[in-house]
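Q: I'm new to this structure and would like to learn how to read it. Could you walk me through it, one feature at a time?

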Amino acid sequence: MGLVSTSVRATHLVTNAAWFGGSLFGAVGLNPAAREPDTERERVEVSGTGWERWGPVQGAAIALHLLSGLAITADNRNRVASHPPTTATTIAKTVLTGAALASTAAAYVYGERLGDASGEDGHPKDPGVAEDARDKLMWLQWATPALTGAVLVLDALLGEQQRGAAGLLDRPW
């Protein structure tokens, strides 16, 4: 395995970890902390500021994750095409990655809608839009870490599929 291949694989894993970790932190830390201010506008500003600061990092991580994934698939095209377990895992990983992209994009869209619907005086400008966005974000905040976590698990499975002889953990004790 060459330095380039190792670097591409490491980039693929680290960027997925950033995507997973950032979205999980949002669900567990940032979003609950943003509920503490007194007014709706302040709550939206706290959450919005955090996500605006993280957004460029997450965007770069997603882009690099997709590019490195394409490179890995191209490099392993023969194994992906001829080894049925690898084919199935690669297809599942692609579907989950697409779903994670969709949930990330949807969270961005609904976050923007919530921000636009929040009034300056602590009362929503458009309560219906704000409530709809808030309802969607309540489940979307968990969808992305669940999906990106599942992609990490499939990466581990793909690594196991490449292993040779049984290792230390495979021996019966």
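A: Happily! Let's begin with a pair of helices: the axes of helix 2 and helix 4 (residues 84-117) come within 10 Å and cross at roughly 150 degrees. Keep in mind that this is a predicted model.

Q: How are helix 2 and helix 4 oriented to each other, roughly parallel or roughly antiparallel?

A: The general idea is to compare the crossing angle with a cut-off: angles over 145 degrees count as roughly antiparallel. Here the angle is roughly 150 degrees, and helix 2 and helix 4 are therefore roughly antiparallel to each other.

Q: And is the crossing of helix 2 with helix 4 left-handed or right-handed?

A: Where helix 2 passes helix 4, the crossing is left-handed.

Q: What can I say about helix 1 and helix 2 in the same way?

A: Take the distance and the angle together once more. Helix 1 (residues 3-34) and helix 2 (residues 40-75) have axes that come within 8 Å, crossing at roughly 160 degrees. With the cut-off for roughly antiparallel at over 145 degrees, helix 1 and helix 2 are therefore roughly antiparallel to each other. Their crossing is left-handed. Sorted by class, the residues in the contact of helix 1 with helix 2 are 13 nonpolar, 15 polar and 3 charged.

Q: How does the reach of helix 2 fit with its number of residues?

A: A helix can be checked by setting its end-to-end reach beside the expected one. Helix 2 has 36 residues and spans 50 Å from its first C-alpha to its last, which is close to the 52 Å expected at 1.5 Å a residue.

Q: Where does helix 2 bend?

A: Look at Gly55, where helix 2 bends by about 40 degrees. A proline, Pro56, follows within four residues.

Q: Which residues of helix 2 are buried?

A: For burial, the cut-off is a relative accessible area under 20%. The buried residues of helix 2 include Glu40, Arg41, Val44, Gln58, Ile62, His65 and Ile72. Let's pick one of these: His65, found in helix 2, counts as buried because its relative accessibility is 2%. You can also follow His65 to Val80: the two are 15 residues apart in sequence, and their C-alpha atoms are 18 Å apart in space.

Q: Now helix 1: is Val28 buried or exposed?

A: Residues over 50% relative accessible area count as exposed, and those between 20% and 50% as partly exposed. Val28 lies in helix 1 and counts as exposed because its relative accessibility is 53%. From Val28 to Ala88 there are 60 residues in sequence and 32 Å in space, C-alpha to C-alpha.

Q: What about Ala18?

A: Ala18 is also found in helix 1. With a relative accessible area of 24%, Ala18 is partly exposed. Ala18 and Ser7 are 11 residues apart in sequence, while the distance between them in space is 16 Å, C-alpha to C-alpha.

Q: Can we finish with helix 5: what is its reach, and where does it bend?

A: Helix 5 (residues 127-162) has 36 residues and reaches 53 Å from first C-alpha to last, close to the 52 Å expected at 1.5 Å a residue. Helix 5 bends by about 30 degrees at Met138.

Q: How accessible is Arg134?

A: Arg134 has its place in helix 5, and at 25% relative accessibility Arg134 counts as partly exposed. Between Arg134 and Ala102, the separation is 32 residues in sequence and 17 Å in space, C-alpha to C-alpha.

Note on methods
Residues numbered from 1 in each chain as written. Predicted model: local features only at pLDDT ≥ 70, side-chain atom pairs only at ≥ 80, totals over all residues. Heavy atoms only, no water. Axes fitted to C-alpha atoms, helices over the stretch in contact; angles between N-to-C directions. Helix = DSSP H or I, 4+ residues; strand = E, 2+ residues; numbered from the N terminus. Parallel < 35°, antiparallel > 145°, perpendicular 65-115°, else oblique. Left-handed = near helix turned anticlockwise from the far one by under 90°. Nonpolar A, V, L, I, M, F, W, Y, C, P; charged D, E, K, R; others polar. Expected span 1.5 Å × (residues − 1). Bend = angle between axes of the 7 residues up to and from the residue. Buried < 20%, exposed > 50% of the residue type's maximum accessible area, 1.4 Å probe, protein only.
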